[in-house]
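Subject: A structure for you to explore

Hi there,

Here is the structure I promised to pass on to you. Have a look around in the viewer first, and then read my notes below.

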Amino acid sequence: QVQLVESGGGLVQAGGSLRLSCAASASIYSFNYMGWYRQAPGKQRELVATVSNAGSTYYTDSVKGRFTISRDIAKNTVYLQMNSLKPEDTAVYYCNAVKNRLFGTEDYWGQGTQGTVSS
């Protein structure tokens, strides 16, 4: 069973930075995609950023230019560097890993880490 363990959340003032980490119990090459989602109070979970097995990245419009997703293959870890944070970035951030299968996907989730941005 694959485990994803997030860390790095916390409280920061607007304009500050946080770096989230997601450590996988398996080689991150075994996943087709890894990424970060977030869920703010009263809102649906939304996709923030992904990185593919080949290294291609995707960002939702609201974080482009501020957030960077990266990975350390040797450590089986994916990072989300969040700069120029805004109060609307406050959410629980979840790490996600996806394996494509013939008839669907296998999705794995971390437990979530809280990121709070004060104004």
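**What I found**

Let's start with Arg38, whose side chain is joined to that of Glu46 by a polar contact of 2.6 Å. Please keep in mind as you read that this is a predicted model. A second polar contact, of 3.1 Å, joins the side chain of Arg38 to the side chain of Tyr93. You will find Arg38 in strand β4. Is Arg38 buried or exposed? Its relative accessible area is 5%, and the cut-off for buried is under 20%, so Arg38 counts as buried. Not counting residues up to four places away in sequence, Arg38 touches a long list of neighbours, including Gln44, Val48, Phe67, Asp89 and Ala91. Arg45 and Glu46 are on that list too.

Arg45 is worth a stop of its own. Look for it over the face of Tyr94, where the distance to the ring centre is 3.8 Å. The charged end of Arg45 also sits over the ring of Trp109, 4.7 Å from the centre of that ring.

That brings us to the aromatic rings. How many aromatic pairs does a search of the whole structure find? The search turns up 2. One is formed by Phe31 and Tyr108, which meet edge-to-face, with 6.1 Å from centre to centre and 65 degrees between the planes. This pair links distant parts of the chain, 77 residues apart: Phe31 is in the loop between β3 and β4, while Tyr108 is in strand β10. Phe31 and Tyr108 are both buried. Tyr37 and Trp109 form an aromatic pair too, again edge-to-face, at 5.0 Å centre to centre and with 65 degrees between the planes. Here strand β4 supplies Tyr37 and strand β10 supplies Trp109, and the two residues are 72 apart along the chain. With a relative accessible area of 36%, Trp109 is partly exposed, because that class runs between 20% and 50%.

Now for the interior. In soluble globular proteins, nonpolar side chains tend to be buried together. In this model the largest nonpolar core has 29 residues, and those with the most contacts inside it are Leu4, Met34, Trp36, Leu80 and Tyr93. At least two residues of this core come from each of β3, β4, β5, β7, β8 and β9. Try selecting Leu4 in the viewer: leaving out residues up to four places away in sequence, its contacts include Cys22, Met34, Cys95, Tyr108 and Trp109.

Finally, follow the chain through β7 and β8. These strands run antiparallel and are joined by 6 bridges. They form a hairpin with 4 residues between them, and Asn76 in the turn has a positive phi of about 50 degrees. Which residue stands opposite Asp72? Thr77 in β8 does. Strand β8 covers residues 77-82, with Thr77 among them. Thr77 has a relative accessible area of 7%; buried means under 20%, so this residue is buried. The side chain of Thr77 reaches the backbone oxygen of Lys75 at 2.8 Å. Beyond residues up to four places away in sequence, Thr77 touches Ser21, Cys22, Ala23, Ile28, Ser70, Arg71 and Asp72.

Enjoy exploring, and write back with any questions.

Best wishes

Note on methods: Residues are numbered from 1 along each chain as its sequence is written. This is a predicted model: local features need pLDDT of at least 70, side-chain atom pairs count only at pLDDT 80 or more; totals for chains, interfaces and linings use all residues. Side-chain values use heavy atoms; hydrogens and water are left out. Buried means under 20% relative accessible area, exposed over 50%, partly exposed in between (1.4 Å probe, protein chains only). A polar contact is a pair of N or O atoms within 3.5 Å; within protein, one must be able to donate a hydrogen and the other to accept it, and residues adjacent in sequence count only if both atoms are side-chain atoms. Contact means heavy atoms within 4.5 Å. Rings of Phe, Tyr and Trp (its six-membered ring) pair if their centres lie within 6.5 Å; planes under 30 degrees apart count as stacked, over 60 as edge-to-face and the rest as tilted. A charge sits over a ring if NZ of Lys or CZ of Arg is within 6 Å of the ring centre and within 35 degrees of the ring normal. A nonpolar core is a set of buried Ala, Val, Leu, Ile, Met, Phe, Trp, Tyr and Cys residues joined through side-chain atoms within 4.5 Å. Two strands pair if DSSP finds at least two bridges between them.
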